[in-house]
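Hi,

Here is the structure I said I'd pass along. Have a look first, and my notes on it follow below.

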Amino acid sequence: MTTKPQRPRRSLLAAVAAAALGVVGLAAAPASAQEWRGWNIHAADYPNGIGMDAFTRIVGERTSNRIRMRTFHSAQLGQQDEAIQQMRLGTIDFANFNLSPFNNLAPTTNVVTLPFLFRDVGHMQRAIDGPAGEAISADLERIGIIALAWYDAGARSIYTTRPVRTPADLRGMKIRVQTSDLWIDLMRALNANPTPLPFGEVFTSLQSGVIDGAENNWPSYESTRHFEVARYYSTTEHSNVPEVLAVSQQRWRRLNEQERAILRDAARESARIQRAAWADRERVSRERVVAAGVTVIEIQDRAPWATLMEPVYAKYAADARLAALVQQIRALP
Ligand code: BDP
């Protein structure tokens with residue numbers, strides 16, 4: 001555990017006693033030497049790790065290391081649902097999250113998870129850098145998370161241990177999803193059997209036959225080596241849910257305006273770096289899995305898939321506020 005700044009209300013006596021006992025974690029750290037802990041589910045060389053490392057480097061430089069940040073890559077600090085809880089409690093200070101694990105906590109994140117909503121990456125970026133991002137930031141702030149910038153996560157497609165060409169092929173197959181009601185309903189709408197599991201358990205679950213498939217973008221499919229056990233990748237491209245680079249409200253509250261501006265700028269710069277790295281890695285990951293003998297099933301006609309998604313829209317975009325956001329996103333160029 002890192003040392004945390006002392007709470008102002010603690011009595012001097014308690015502080016002295018704690019110091020005398022050498023209680024780790026209770027001793028006061030000078031405000032000038034903050035050490036922030038960052039969570040990343042991916043490896044350091046994944047585009048998101050590259051983006052986060054740029055963020056921490058820029059913040060260090062611009063605050064003369066007054067704010068020192070360290071990212072723990074490869075889910076060293078736990079899986080994503082625990083990490084979200086830790087961030088709300090303030091034991092993780094910053095992180096990059098996919099927005100789907102917030103679906104049950106922050107309603108507007110459902111909108112950007114909705115299947116077949118975005119026409120392409122540009123459309124997704126205009127939404128998340130604009131109206132969707134604003135609405136989601138407000139929602140996340142209510143649960144103690146301050147959104148600073150948005151990362152790309154490409155299109156998610158279904159990959160399986162048996163070939164899937166049409167929605168009918170998915171019937172009854174156990175498909176891993178992120179922990180989100182929307183994702184469970186989405187898979188049900190496709191007549192699959194949704195199985196929520198942490199990202200870190202997907203490989204062994206595929207291997208042991210607990211699940212028959214999962215869904216993700218090219219870089220995650222490749223970097224996790226899921227492609228070694230699920231050999232069919234069907235380009236359904238059913239969701240383009242983006243990601244957030246965020247800090248915990250507990251930390252944010254203690255920053256002054258100048259420091260906040262530094263963090264916001266650094267986060268935006270890191271997003272530019274992540275997005276460029278993302279575009280490259282999508283191509284490279286696809287090439288790698290194809291070279292490794294994966295069968296890519298090109299889904300030419302997505303209409304039969306999209307039609308089945310009506311119940312998902314009826315349930316998750318029915319609320320007036322969310323429906324308005326969907327309309328606003330659709331109206332974007
Ligand atoms: C990846 C996201 C990561 C998610 C993972 C998942 O970058 O944040 O945890 O998908 O499916 O694409 O759990």
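The ligand is ringed by Ile41, His42, Gln80, Asn98, Arg156, Arg176, Gln178, Phe199, Asn216, Asn217, Ser220 and Glu243, where being near the ligand takes a heavy atom within 4 Å of it. Before you dig in: this is a predicted model, where local features need pLDDT of at least 70 and side-chain atom pairs count only at pLDDT 80 or more, while totals for chains, interfaces and linings use all residues. Residues are numbered from 1 along each chain as its sequence is written, and side-chain values use heavy atoms, with hydrogens and water left out.

On polar contacts (N or O atom pairs within 3.5 Å), a polar side-chain atom of Glu243 is 2.6 Å from a ligand oxygen. For Arg176 the distance from such an atom to a ligand oxygen is 2.7 Å, and for Arg156 it is 2.8 Å. On its own the ligand exposes 320 Å², and the protein buries 99% of that (Shrake-Rupley, 1.4 Å probe).

By type, the shell has two nonpolar, seven polar and three charged residues (Asp, Glu, Lys and Arg count as charged; Ala, Val, Leu, Ile, Met, Phe, Trp, Tyr, Cys and Pro as nonpolar; the others, Gly among them, as polar).

As for domains, the chain is assigned domain 1 (33-105 + 143-153 + 242-285) and domain 2 (156-240 + 289-330), with bounds from an automatic or database assignment. Their C-alpha centres are 26 Å apart. The contact between them takes 17 residues from domain 1 and 18 residues from domain 2 (heavy atoms within 4.5 Å). Each domain also gives at least three residues to the ligand shell.

Cheers

Conventions:
Polar contact = N/O pair within 3.5 Å; in protein donor to acceptor, adjacent residues only side chain to side chain.
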